[in-house]
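Here are some notes for a colleague who is looking through this model. They are set out as numbered points, to be read beside the coordinates.

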Amino acid sequence: YDLLFKENLSKQDIKKLKSVAAESPQKIKAKIESLDHWTDKQETKAAVDTLIRDTLWKELPESYDDVAINMYRARVYEYVYTHYRVA
């Protein structure tokens, strides 16, 4: 949630953001578990990055524009790469 939060969100956007923040880690962990040593190959790193990007594009509230989504994608990917290196 903290990685995706931005100022001036409506109550509806905050509710949606909480849902995204709750569901996304399970999706990402499931993807990582299906990959062998995901941080070792460019293709597997790209697969995780693409999942994060697609999830954020699809799930984040409409108040998040293209630039914001790309910035948050990079934040989430960096967090995942740092904290979930070993599957």
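1. Is asparagine 8 buried or exposed? The model is a predicted one, and in it asparagine 8 is exposed, with a relative accessible area of 77%. This residue belongs to the segment before H1, and although it is not a glycine, its phi is positive, at about 60 degrees.

2. Histidine 37 may be read alongside that residue, since its phi is near 50 degrees, again a positive value in a residue other than glycine. Histidine 37 is placed in the loop between H1 and H2, where it is exposed, with a relative accessible area of 51%; the cut-off for being called exposed is over 50%.

3. Helix H2 covers residues 42-59, that is 18 residues, and from its first C-alpha to its last it reaches 25 Å, which is close to the 26 Å expected at 1.5 Å a residue. Its buried residues are Thr44, Lys45, Val48, Ile52, Thr55, Leu56 and Glu59. Viewed down the axis of H2, these buried residues fall within an arc of 115 degrees, and they therefore line one face of the helix. As general background, an α-helix has 3.6 residues a turn, so residues three or four places apart point the same way. On the face of H2 turned away from the buried side one finds the exposed residues Gln42, Glu43 and Lys58, while the cover over the buried residues includes helix H1 (11-33) and helix H3 (66-83).

4. Two of the buried positions in H2 can be followed through their contacts, leaving aside neighbours up to four places away in sequence. Threonine 55 is buried, with a relative accessible area of 10%, and once neighbours within four places in sequence are set aside, it is in contact with Ser24, Lys27 and Leu60. Leucine 56, on the same kind of count, touches Leu4, Val20, Ile69, Tyr72 and Arg73.

5. The largest nonpolar core has 19 residues, of which Leu4, Val48, Ile52, Leu56, Leu60, Tyr64 and Val80 touch the most other members. Each of H1, H2 and H3 supplies at least two residues of this core, and H3 gives the most, with six residues. For context, nonpolar side chains in soluble globular proteins tend to be buried together.

6. How many aromatic pairs does a search of the whole structure find? The search finds six. In one of them, the rings of tyrosine 64 and tyrosine 72 have their centres 5.4 Å apart and their planes at 65 degrees, so this pair is edge-to-face, the cut-off for that class being over 60 degrees. Both tyrosine 64 and tyrosine 72 are buried. The ring of tyrosine 64 also has the charged end of lysine 6 sitting over it, 4.6 Å from the ring centre. Elsewhere, Trp38, Tyr77 and Tyr81 are linked into a cluster by ring pairs.

7. A last point concerns arginine 75, which is found in helix H3 and counts as partly exposed at 37% relative accessibility. Its C-alpha atom and that of aspartate 2 are separated by 10 Å, although the two residues are 73 residues apart along the chain.

Methods:
Residues are numbered from 1 along each chain as its sequence is written. This is a predicted model: local features need pLDDT of at least 70, side-chain atom pairs count only at pLDDT 80 or more; totals for chains, interfaces and linings use all residues. Side-chain values use heavy atoms; hydrogens and water are left out. Rings of Phe, Tyr and Trp (its six-membered ring) pair if their centres lie within 6.5 Å; planes under 30 degrees apart count as stacked, over 60 as edge-to-face and the rest as tilted. Buried means under 20% relative accessible area, exposed over 50%, partly exposed in between (1.4 Å probe, protein chains only). A charge sits over a ring if NZ of Lys or CZ of Arg is within 6 Å of the ring centre and within 35 degrees of the ring normal. Helices (H or I, at least four residues) and strands (E, at least two) are DSSP runs, numbered from the N terminus. The expected span of a helix is 1.5 Å times one less than its number of residues. The arc is that of the directions from the helix axis to the C-beta atoms. Contact means heavy atoms within 4.5 Å. A nonpolar core is a set of buried Ala, Val, Leu, Ile, Met, Phe, Trp, Tyr and Cys residues joined through side-chain atoms within 4.5 Å.
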